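Here is a short briefing on one protein chain. Look at the sequence and the model first, then work through the points by topic.

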Amino acid sequence: MSYLYVSEQGASIGIEANRFQVKYKDGMIKSIPAETLEMIEVFGSVQITTRCLTECLKRGVNILFYSTSGAYYGRLISTSHVNVQRQRIQAEIGHNETFKLEMSKRIIDAKIRNQVVVLRRYARGRDEDIHRMIIEMQNMQKKLLYAKSVEQVMGYEGTAAKIYFKVLGKLIDEQFVFEGRSRRPPMDPFNSLISLGYSIILNELYGKIEGKGLNPYFGVMHKDREKHPTLASDLMEEWRAVLIDTTALSMLNGHELVKEDFYTGIDQPGVFLEKDGFRKYIQKLEGKFRTENRYLSYIDYSVSFRRAMDLQVNQFVKAIETENVNEYMPVIIR
């Protein structure tokens with residue numbers, strides 16, 4: 001299946017002869033067979049014809065809208081996926097504190113394990129002693145076993161995350177100074193990349209969750225927030241380091257992006273990707289999503305990371321329908 005990203009300002013998207021077409025201001029046209037398109041993501045001032053919108057609704061092709069800097073605005077979706085009975089079950093699980101606690105422990109345990117693997121990978125060949133900090137993160141992981149509430153779990157997660165990002169600052173190419181997480185707005189190139197990446201993966205999971213008939217706003221771990229898809233936030237935790245952080249580290253340390261690929265906002269504070277840098281990052285991230293892996297413990301064949309995310313949502317559905325947390329096996333990299 002194809003994912004279409006359009007960030008060229010002034011471009012337009014339409015449909016002709018059973019193919020979705022993108023027309024650019026310079027006259028260039030690119031097209032994708034309608035049968036293969038799964039999602040369209042547009043950034044900034046991009047026009048979409050009424051006929052294209054109608055066809056997307058008929059085919060169940062989600063359209064996601066972002067600002068030019070990657071801030072998420074909303075989406076166009078079909079209602080054909082709604083599963084009322086499944087959502088009733090999901091709502092009931094929200095009152096099962098034991099289920100929520102054990103699910104949270106599983107997800108955060110996997111997140112910390114994956115963060116440790118990423119740190120060890122990028123510390124190889126560097127003159128940085130990260131052993132003590134990894135031990136501190138693993139201590140937070142061990143404490144999960146004895147947590148009595150979701151709030152405790154998230155407290156341990158927060159402590160591990162602070163240590164993780166502190167170590168990352170030592171492992172990123174020195175020309176890209178990173179001193180910790182900054183979100184709205186991102187204040188350095190690494191934060192700029194991961195903020196955009198987290199937004200993209202959050203909304204990929206949003207679509208997959210809705211595709212299974214679930215409500216993306218009924219979570220089990222993060223606290224409910226107005227207009228925030230809590231369940232998507234829950235299920236993306238195990239993927240943050242695996243997909244987004246590694247892509248950002250790879251591009252900065254491998255000099256696939258340089259300082260000139262970023263700019264400092266004038267109308268709004270923060271650091272953002274220039275046009276060409278944005279294109280390179282999206283291509284790299286899409287390539288990552290399509291990479292085959294064998295990290296899922298419950299299958300014995302390779303799948304793309306995108307397919308793996310879909311399978312994880314399936315596992316979550318099984319877990320809530322059976323009220324058995326053991327049905328959910330988080331992704332753990334090696």
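This predicted model holds zero disulfides. Cys52 is in no disulfide, and its nearest cysteine sulfur belongs to Cys56, 4.2 Å away. A disulfide needs the two sulfur atoms within 2.5 Å, so the 4.2 Å between Cys56 and Cys52 is too far for a bond.

**Cysteines**
- Cys52 is buried, because its relative accessible area is 0%.
- Cys56 is buried too, because its relative accessible area is 1%.

**Domains**
- The domain assignment splits the chain into domain 1 (2-76) and domain 2 (84-327).
- The contact between them takes 17 residues from domain 1 and 17 residues from domain 2.
- Taken over C-alpha atoms, the centres of domain 1 and domain 2 are 26 Å apart.

**Nonpolar cores**
- In soluble globular proteins, nonpolar side chains tend to be buried together.
- Here the largest nonpolar core has 91 residues.
- Which residues have the most contacts inside this core? They are Met103, Phe190, Ile200, Trp239, Leu243 and Phe316.
- Both domains feed this core: domain 1 (2-76) and domain 2 (84-327) each supply at least three residues.
- A second core is separate and has 19 residues. Phe20, Val46, Ile48 and Ile63 are among them.
- Trp239, listed above for its contacts in the largest core, touches Ile201, Leu205, Ile244, Phe305, Ala308, Met309, Gln312 and Val331. That list leaves out residues up to four places away in sequence.

**Four-stranded sheet**
- Strands of a sheet pair through backbone hydrogen bonds, either parallel or antiparallel.
- One open sheet has four strands in the order S4-S3-S2-S6. Its pairing is mixed.
- Which strands form the edges? Strand S4 (29-33) and strand S6 (47-48) do, and each pairs on one side only.
- Strand S3 (residues 19-23) pairs with S4 in the antiparallel sense, over five bridges.
- Within this part of the sheet, Val22 has Lys30 of S4 as its bridge partner.
- Phe20, a member of the second core, falls within the range of strand S3 (residues 19-23).
- Ile48, another member of that core, falls within the range of edge strand S6 (47-48).

**Hairpin of S7 and S8**
- Strand S7 (residues 62-66) and strand S8 (residues 72-76) pair in the antiparallel sense over four bridges.
- Phe65 stands opposite Gly74 in S8.
- Five residues lie between the two strands of the hairpin.
- Gly70 takes a positive phi there, near 100 degrees.
- Ile63 of the second core falls within the range of strand S7 (residues 62-66).

**Polar residues in helices**
- Gln90 lies in helix H2 (residues 84-93).
- Is Gln90 buried or exposed? Gln90 counts as buried, because its relative accessibility is 4%.
- Leaving out residues up to four places away in sequence, Gln90 touches Leu214, Asn215, Phe218, Leu231 and Ile320.
- Asp109 lies in helix H3 (residues 97-123).
- Why does Asp109 count as buried? The cut-off is under 20% relative accessible area, and Asp109 has 19% relative accessibility, so Asp109 counts as buried.
- The Asp109 side chain makes a polar contact with the side chain of Arg113, at 2.7 Å.
- Beyond residues up to four places away in sequence, Asp109 touches Gln141 and Leu144.

Methods: Residues numbered from 1 in each chain as written. Predicted model: local features only at pLDDT ≥ 70, side-chain atom pairs only at ≥ 80, totals over all residues. Heavy atoms only, no water. Buried < 20%, exposed > 50% of the residue type's maximum accessible area, 1.4 Å probe, protein only. Polar contact = N/O pair within 3.5 Å; in protein donor to acceptor, adjacent residues only side chain to side chain. Contact = heavy atoms within 4.5 Å. Core = buried A, V, L, I, M, F, W, Y, C linked by side-chain atoms within 4.5 Å. Domains from an automatic or database assignment. Pairing = 2+ DSSP bridges.
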